[in-house]
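This report looks at the interior of one protein chain: its cores, its cavities and a pocket, and some individual residues. The sequence and structure come next.

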Amino acid sequence: YVGREFKFLSERWDLFAPGSTLSCSRAIDFIALQLSLSTFQWDAISAYLQITEDEEIYSDPPPEYLEELEAAGKSTDIMWRLLKQLNGRRRAGQLWVDFMCDCLEELGLERCEAHPQFYHSPSQMIYVEVHMDDGHGAGPPENIAKFISDLEKLVYIMSVGAIPHGTPSSHLREQRVHSQEKVVTTEHVQKADNELDEVGRGWCN
């Protein structure tokens with residue numbers, strides 16, 4: 001279910017959520033290459049549903065739930081109070097970023113003041129860039145394994161751990177392949193196809 005929240009104020013200052021660009025993501029690639037580190041990625045599962053709803057919000061239950069109540073002879077004159085953020089809530093993005101910040105700082109990472117999507121731990125040699133529910137980082141393979149294991153205790157994520165050199169990976173619609181000497185990045189094929197469709201393939205040879 002997606003909740004649509006209408007704009008009730010012309011200006012709001014409580015919705016800021018830092019994100020990453022391709023240039024930001026390449027900073028992790030540069031660090032990994034310069035320090036001879038492995039890279040890793042993770043993707044949060046149902047990110048917003050992991051965040052506690054901090055406002056008092058009620059919604060109608062889905063029709064099938066009301067049908068079950070009616071079949072059981074129970075009252076259908078009820079409302080549900082939301083306990084987690086729904087997709088579509090205007091503050092969900094900011095609350096998710098704050099939640100991830102708390103989790104990463106609990107694991108000993110420091111947040112960059114100039115670029116708040118970056119985190120690092122000098123003692124662990126772990127460097128992380130967070131783009132909403134996607135994470136991209138670098139570190140020694142053994143440290144990556146421990147970091148991912150610890151993060152999984154705080155956040156529901158999917159991750160394959162350290163990415164071996166020569167294995168293609170994708171982040172922010174850009175494919176990359178790391179080796180000891182270089183990082184090769186290419187635009188995601190699907191993104192390129194979409195852009196060609198927008199301008200018209202007849203213009204391209």
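## Burial and overall make-up

A residue is called buried when its relative accessible area is under 20%, exposed when the value is over 50%, and partly exposed in between. The model described here is predicted. Of the 205 residues in the chain, 33% count as buried.

Five helices and twelve strands make up the secondary structure of the chain. Among contacts between residues at least 6 apart in sequence, 65% join residues at least 24 apart.

## Nonpolar cores

The largest nonpolar core has 23 residues. Those with the most contacts inside this core are Phe40, Trp42, Leu104, Leu109, Val128, Phe147 and Leu151. At least two residues of the core come from each of strand S1 (38-44), helix H3, strand S6 (126-131) and helix H4 (141-152). H3 provides the largest share, six residues. Another core, of seven residues, lies apart from this one, and Cys24, Phe118, Tyr127 and Ala138 are among its members.

Which residues does Leu104 touch, leaving out those up to four places away in sequence? Leu104 touches Trp42, Leu109, Tyr119, Val130, Phe147 and Leu151. Of these partners, Trp42, Leu109, Phe147 and Leu151 are also listed among the core residues with the most contacts.

## Cavities

Two cavities of 30 Å³ or more are found in a search of the whole structure. The largest holds about 70 Å³ of space. Its lining consists of Pro18, Trp96, Val97, Met100, Cys101, Arg111, Pro116, Gln117, Tyr119, Val130 and Met132. By type, these lining residues are nine nonpolar, one polar and one charged. Helix H3 (residues 92-106) gives the most to this lining, with four residues.

The second largest cavity has a volume of about 40 Å³. Ala32, Leu33, Ser36, Leu37, His165, His178, Ser179 and Gln180 line this cavity. Three of the lining residues are nonpolar, five are polar and none is charged.

## The second largest pocket

The second largest pocket encloses about 160 Å³ of space. Its lining is formed by Gln41, Trp42, Asp43, Asp134, Gly135, Met158, Val160, Ile163, Ser169, Ser170, His171 and Leu172. Two or more of the lining residues come from each of S1, strand S7 (134-139) and strand S10 (169-171). The lining divides into five nonpolar, five polar and two charged residues. Trp42, which is in this lining, is also one of the residues with the most contacts inside the largest nonpolar core.

## Gln117

Gln117 lies in the loop between strand S4 (110-111) and strand S5 (118-121). Is this loop residue buried or exposed? Gln117 counts as buried because its relative accessibility is 6%, under the 20% limit. Gln117 also belongs to the lining of the largest cavity.

Apart from residues up to four places away in sequence, Gln117 touches Pro18, Gly19, Ser20, Cys24, Val128, Glu129 and Val130. Among these partners, Pro18 and Val130 line the largest cavity as well. Cys24 is a member of the core of seven residues, and Val128 belongs to the core of 23.

## Cysteines

How many disulfides does the structure hold? There are zero. For Cys101, the closest cysteine sulfur is that of Cys103, 9.2 Å away, which is too far for a bond; a disulfide needs the two sulfur atoms to be within 2.5 Å.

Cys101 is buried, with a relative accessible area of 7%, and is one of the residues lining the largest cavity. Cys112, in contrast, is partly exposed, with a relative accessible area of 30%.

## Residues with positive phi

Ser36 is not a glycine but has a positive phi of about 55 degrees. This serine sits in the loop between helix H1 (22-35) and S1. Ser36 counts as exposed, at 54% relative accessibility, and takes part in lining the second largest cavity.

Met125, also not a glycine, has a positive phi of about 55 degrees. Its place is in the loop between S5 and S6. Met125 is partly exposed, with a relative accessible area of 31%.

Terms used: Residues numbered from 1 in each chain as written. Predicted model: local features only at pLDDT ≥ 70, side-chain atom pairs only at ≥ 80, totals over all residues. Heavy atoms only, no water. 1 Å grid on protein atoms, 1.4 Å probe; cavity = no way out; pocket = protein on both sides within 12 Å on 5 of 7 lines; lining within 4 Å. Points joined across faces, edges and corners; volume = space filled by probe spheres on them. Nonpolar A, V, L, I, M, F, W, Y, C, P; charged D, E, K, R; others polar. Core = buried A, V, L, I, M, F, W, Y, C linked by side-chain atoms within 4.5 Å. Buried < 20%, exposed > 50% of the residue type's maximum accessible area, 1.4 Å probe, protein only. Contact = heavy atoms within 4.5 Å.
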